[in-house]
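Please open the model in your viewer and keep the sequence panel beside it. The tour below proposes one selection after another and says what is found at each stop.

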Amino acid sequence: MWEIKQAAQQSGVLEIYIYGDVESDGYDWWTDEVIRSETSANTFREELAKYADIAEIKLYINSYGGSVFEGTAIYNQLKRHPAKKTVYIDGFACSIASVIAMAGDEIIMPANSYLMIHKAWTYAMGNANDLRETADRLENIEQTIVDTYMENVAENITEDDIKQKMSDETWLSAKDAAELFPRIQEDENIDVAACISSITYN
């Protein structure tokens, strides 16, 4: 799912791999035990704390996303860390994984990788009041995601532009993503035809 390790070849460089869904810790009501997720913000915090003095972080992402709350916390942890941060989108950075990617001082996308942004969603049940409250809360959460993107967009991009792309569930190629977010660089050394026709996302 993910891996954190210090690069043996490069002193002072920490490599982090987020390969899989970002998930919160769970709880077993039968055994009264916390089930620690490999990709929770708690796990990330504990591991990152072991390398407080590291000079550079290389973050590799291949994730369809996951929990907004866990991903937002991971993003903020990375932003606070004083190390130089380079993000490599190895395959996909979708949903909240695209927000985590924004923590990078530099973001590298090969030509055959994708960044996907969309509206936040959840499950809900209850009466009409409960459902309206859930919708309001979801819109508030969505706005925080928009705000994070807006901190990183090109000068000509408006908040309405971002909201429309999220509403359209937009898959951004490296070239398109670089036009939207200036810190993204397309890795032109990789020239592979991209195709997402066979991908399902839910």
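The stops run from the whole chain to the interior and then out to the surface.

Begin with the whole chain, bearing in mind that this is a predicted model. Colouring by secondary structure should bring up six helices and ten strands, and of the 202 residues in the chain, 45% are buried. If you draw contacts between residues at least 6 apart in sequence, 65% of them join residues at least 24 apart. A surface representation corresponds to about 11300 Å² of exposed area, of which carbon and sulfur atoms supply 47%.

Next, go inside and select Leu115, Tyr149, Ile162 and Phe181, which touch the most other members of the largest nonpolar core, a set of 47 residues. Add helix α3, residues 96-101, since this helix gives the most to that core, with five residues.

Now centre the view on tyrosine 149. Setting aside neighbours within four places in sequence, this residue is in contact with Ser95, Ser98, Val99 and Met102, as well as with Ile117, Ile162, Met166 and Phe181. Apart from the core just visited lies another one, of five residues, and to find it you can select Phe92, Cys94, Met116 and Trp171, which are among its members.

Finally, return to the surface and select Tyr27, Trp29 and Val34, which together make a nonpolar patch of about 400 Å². Valine 34 belongs to strand β4, residues 33-35. Is valine 34 buried or exposed? Valine 34 counts as exposed because its relative accessibility is 57%, and the cut-off for that class is over 50%.

How values were computed:
Residues are numbered from 1 along each chain as its sequence is written. This is a predicted model: local features need pLDDT of at least 70, side-chain atom pairs count only at pLDDT 80 or more; totals for chains, interfaces and linings use all residues. Side-chain values use heavy atoms; hydrogens and water are left out. Patches are made of residues with over 30% relative accessible area and no salt bridge: like charges are joined within 9 Å, nonpolar side chains (Val, Leu, Ile, Met, Phe, Trp, Tyr) within 5 Å. Accessible areas come from the Shrake-Rupley method with a 1.4 Å probe; for residues, only the protein chains shown count as cover. A salt bridge is a side-chain nitrogen of Lys or Arg within 4 Å of a carboxyl oxygen of Asp or Glu. Helices (H or I, at least four residues) and strands (E, at least two) are DSSP runs, numbered from the N terminus. Buried means under 20% relative accessible area, exposed over 50%, partly exposed in between (1.4 Å probe, protein chains only). A nonpolar core is a set of buried Ala, Val, Leu, Ile, Met, Phe, Trp, Tyr and Cys residues joined through side-chain atoms within 4.5 Å. Contact means heavy atoms within 4.5 Å.
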